[in-house]
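Reader: I would like to go through one helical region by question and answer. Please keep to what can be computed from the atoms.

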Amino acid sequence: MKFFIKLCIIGLYSIPFAYLSLQKDYVSDSKVYYIIMFFVIVSLSYFCGLIRGDLPLILGNILSFSISYFYNSLAMIDKKRAGFFTPVNPVEQLLLITVISLVLQLIFYNLARKFAKGYINSIKSNSTNKEKRV
């Protein structure tokens, strides 16, 4: 079951969130997709921290960046799109989004690990207290 959960996390990470955010910003000048992207990615990293899934977090980020970079490179053929994201180009913005999301993911991943560790320790102490009473 745990393998299936990790596989689902990697599958969700494979959605090119950074590219979709850039694309929607270009098409409709909307920043909503950046917020959705950060909410989903932070939620996934928090969940990885709870189940102590380091590998899905690492593989998912590599996969997400790779797919976003690929689609972004295909979209760079349009010269108007390349000039839309001034003063940085879309590749630099993709890297910036990735770095910011990695920092946020590390923060929330560590918070989840601490929460999970405290939860596991409280369960262990509860079970030992019950054993002492009997």
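The questions below start from one residue and move outward to its helix and the core.

Author: This is a predicted model, in which local features need pLDDT of at least 70, side-chain atom pairs count only at pLDDT 80 or more, and totals for chains, interfaces and linings use all residues. Residues are numbered from 1 along each chain as its sequence is written, and side-chain values use heavy atoms, with hydrogens and water left out.

Reader: Is Ile41 buried or exposed?

Author: Ile41 sits in helix H3, residues 32-50; helices here are DSSP runs of H or I with at least four residues, numbered from the N terminus. Buried means under 20% relative accessible area and exposed over 50%, with partly exposed in between, using a 1.4 Å probe and protein chains only. The relative accessibility of Ile41 is 5%, so the residue counts as buried.

Reader: Which residues is Ile41 in contact with, leaving aside its neighbours within four places in sequence?

Author: Contact means heavy atoms within 4.5 Å. With those sequence neighbours left out, the partners of Ile41 are Tyr13, Phe17, Ser101 and Gln105.

Reader: Within what arc do the buried residues of H3 fall, seen down its axis?

Author: The buried residues of H3 are Tyr34, Met37, Ile41, Val42, Leu44, Ser45, Cys48 and Gly49. The arc is taken from the directions from the helix axis to the C-beta atoms. These buried residues line one face of the helix, because seen down the axis of H3 they fall within an arc of 160 degrees.

Reader: Which exposed residues does the face of H3 turned away from its buried side carry?

Author: An α-helix has 3.6 residues a turn, so residues three or four places apart point the same way. On H3, the face turned away from the buried side carries the exposed residues Ile35 and Phe39.

Reader: Which element gives the largest share of the largest nonpolar core?

Author: A nonpolar core is a set of buried Ala, Val, Leu, Ile, Met, Phe, Trp, Tyr and Cys residues joined through side-chain atoms within 4.5 Å. The largest one has 15 residues, of which Ile9, Tyr13, Met37 and Ile97 touch the most other members. Two or more residues come from each of helix H1 (2-13), helix H2 (17-28), H3 and helix H6 (90-133). The largest share of this core, five residues, is given by H3.
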